[in-house]
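Please open the model in a viewer and follow the selections below in order. Each stop names what to select and then describes what is found there.

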Amino acid sequence: MQTLSSPNSNAAIAYTREDWKQGYESQPQEFDYWIEDIEGEIPAELSGTVFRNGPGLTDINGYRLRHPFDGDGMINSIAIAQGQAYYRNRFVRTEGYLKEQKSGKPEYRGVFGTQKPGGWLANAFDIKLKNIANTHVVYWGGKLLALWEAAQPHRLDPNTLATLGLDNLDGILTKGEPFAAHPKFDANCPTATGKSEERMVTFGVKSGLSSTLRIFEFHPDGTLAKDHRHTVPGFAFLHDFAITPNYCVFVQNPVSFNPLPFVAGFQGAAECIQFNPEAPTKIIVIPRNGQGKVQFFETDPCFVFHHANAFEKDGQLILDSICYNEFPDIGDAKDYSEVDFDHVPASQLWRFTIDLATAKVDVTVPIERYCEFPTIHPGNVGQEYRYLYIGIAHDQTGSAPLQGLIKRDMQTGAEQTWSAAPRGFGGEPLFIAKPNGTAEDDGWVLLWLYNAVGHNTELAIFNAQDITTGPIAKLNLKHHVPYGLHGSFTSQYFGPQQPRE
Ligand SMILES: [Fe+2]
């Protein structure tokens, strides 16, 4: 039995459900303050702003949401400079958030199963979606964008987090057009002038009997570099993708969608997804130049939300993805807090090695324990890489809340782990490269932790070269923030103009 480095790693139990549930409580308040309670020291070279998105509300005036993914997006920012840190959070003022805050009751059905009060009669034939802007937040082209994959992004002021409104990216998106919540950033994309630039590469998908994928690439100033569309057969649940210098890589999960229970008012749209364990999963490979044929490769049945990375090597395409053996729904639980973890599939890190000439796909499993939310050095996106950081459950077997962090050396298989068990709960780590760093792991890993002891949230900063010894600094917030989804970092500082005395 591997021992995790944690003050309480010998605890008889990894966690209690009561502790874990408290981390999902709504946080209706909005704050602005210098973080006073700091354990350790913030590295002097760490300067910029950390943004994170996630559901801020898990109830509407006491009416519990069936799933936190249905909760209104709340953006958190921590601006860091000169060893000091400033915290701010704001709800995204979406049309739905404003309407429900005014009426004090649920006005929309949630994609993940939250129904309006009144039973199926009150929900039947109401198929309008609430753009909850709760999945990711990125700063690109001078715009801070809150992302939700089924519709347009919302633009926010990065200094104040005030909502500026829906954004069509200077006329690129049509009203309500899907825009994925998982952009990829290619650090060194060649340009026509022979130089290179960073690019934001992303997509939108409209799915039905067949699915249309629109792929975008954006210059650093936010203008469009590439824009092409492709049609693929069948329903395509595509939450994330991966890039290489030449390809966009998608995994088409073996699922079907029966909209009838949704339309009839019995289930949320995502609850109408059915996993077919007999069908192959398809890997879709689309040339980034928008030309050439789209290739499809079949592999073992699995369900994928997130990808860690992809790269090309010796005529092969390597794809590292987080794979479940079936669609991870919450089963018969009345809401997510009552989910039976014994019946939730535990995802693993799978490596697909695709021979582009023979179409043969080999599968290995570098990380067998439950893991989710991968992050790598941003300079290695789309490139062969060595170090992967990802959230883990405390125990090495089964499914459970994320409580720790693992660093995996993809070349040697060596691992470093850390856990906040039994009373700390994690989520997505975020790797930040050290300015002028040379080694791939020369940087920091940031992890938002919910601490049930004080019912508050902390931002833990790890030395990426030594995860095992635990955080080198912890920024303790005065309150809790409900478990989030995805976040990002910019080296631009969006805090008060002058650090405090
Ligand atoms: Fe995601």
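Two strands are said to pair when DSSP finds at least two bridges between them. By that criterion β16 pairs with strand β17 (residues 247-252): 2 bridges join them, and the two run antiparallel. This is a predicted model, and the tour returns to that pair after a view of the whole.

**The whole chain**

Display the full protein as a cartoon; 4 helices and 35 strands are present. The radius of gyration is 22 Å, close to the 23 Å that the globule rule gives for 501 residues, so the protein is as compact as a globular protein of that length. Along the principal axes, the C-alpha atoms fill a box of roughly 60 × 60 × 50 Å. Of the 501 residues, 48% are buried. Among contacts between residues at least 6 apart in sequence, 59% join residues at least 24 apart.

**The sheet around β17**

Select β16, β17, β20 and β21, which form an open, antiparallel sheet of 4 strands in the order β16-β17-β20-β21. At its edges stand β16 (242-243) and β21 (295-299), each with a single partner strand, so one side of each has no neighbour in the sheet. For a closer view of the β16 pairing, select A242, which stands opposite V249 in β17.

**The nonpolar core**

V249 leads to the next stop. The largest nonpolar core has 125 residues, and V249 is one of those that touch the most other members, along with I78, C248, I283, L319, V445 and L446. Strand β32 (residues 443-451) gives the most to this core, with 7 residues. Now centre on I283: leaving aside neighbours within four places in sequence, I283 is in contact with V249, V251, F297, T299, L319, F352, I354 and V361. In soluble globular proteins, nonpolar side chains tend to be buried together.

**Strands β8, β9 and β10**

Select strand β9 (residues 143-147), where 4 of the 5 residues are buried. Strand β8 (residues 136-140) is joined to β9 by 5 bridges, and the two run antiparallel. H136 has L147 in β9 as its bridge partner. The hairpin of β8 and β9 has 2 residues between the strands, and G141 there takes a positive phi near 60°. Next add strand β10 (residues 154-156), which pairs with β9 in the antiparallel sense over 3 bridges. L156 in β10 is the bridge partner of L144, and the hairpin of β9 and β10 has 6 residues between its strands.

**A glycine in a loop**

Move to G104, in the loop between α2 (95-103) and α3 (119-123). Is G104 buried or exposed? G104 has 11 other C-beta atoms within 10 Å and is therefore exposed. Its C-alpha atom is separated by 5.9 Å from that of N61, although the two are 43 residues apart along the chain.

**The annotated histidines**

Finally, select H182, H239, H306 and H486, which the UniProt annotation "binding site" covers in an unreviewed entry. They span 305 residues in sequence, yet no two of their C-alpha atoms are more than 12.6 Å apart, so they gather at one spot.

- H239 lies in the loop between β15 (224-233) and β16. With 17 C-beta neighbours inside 10 Å, H239 counts as partly exposed. Beyond neighbours within four places in sequence, H239 is in contact with E149, H182 and F305.
- H306 lies in strand β22 (residues 303-313). With 20 C-beta neighbours inside 10 Å, H306 counts as buried. Beyond neighbours within four places in sequence, H306 is in contact with D240, I322, E372, F373 and P374.

Technical notes. Residues numbered from 1 in each chain as written. Predicted model: local features only at pLDDT ≥ 70, side-chain atom pairs only at ≥ 80, totals over all residues. Rg over C-alpha atoms; globule rule 2.2 N^0.38 Å. Buried ≥ 20, exposed ≤ 12 C-beta atoms within 10 Å, placed from the backbone. Contact = placed C-beta atoms within 7 Å. Core = buried A, V, L, I, M, F, W, Y, C linked by C-beta atoms within 7 Å. UniProt positions renumbered as here; feature names shortened; annotations may be inferred.
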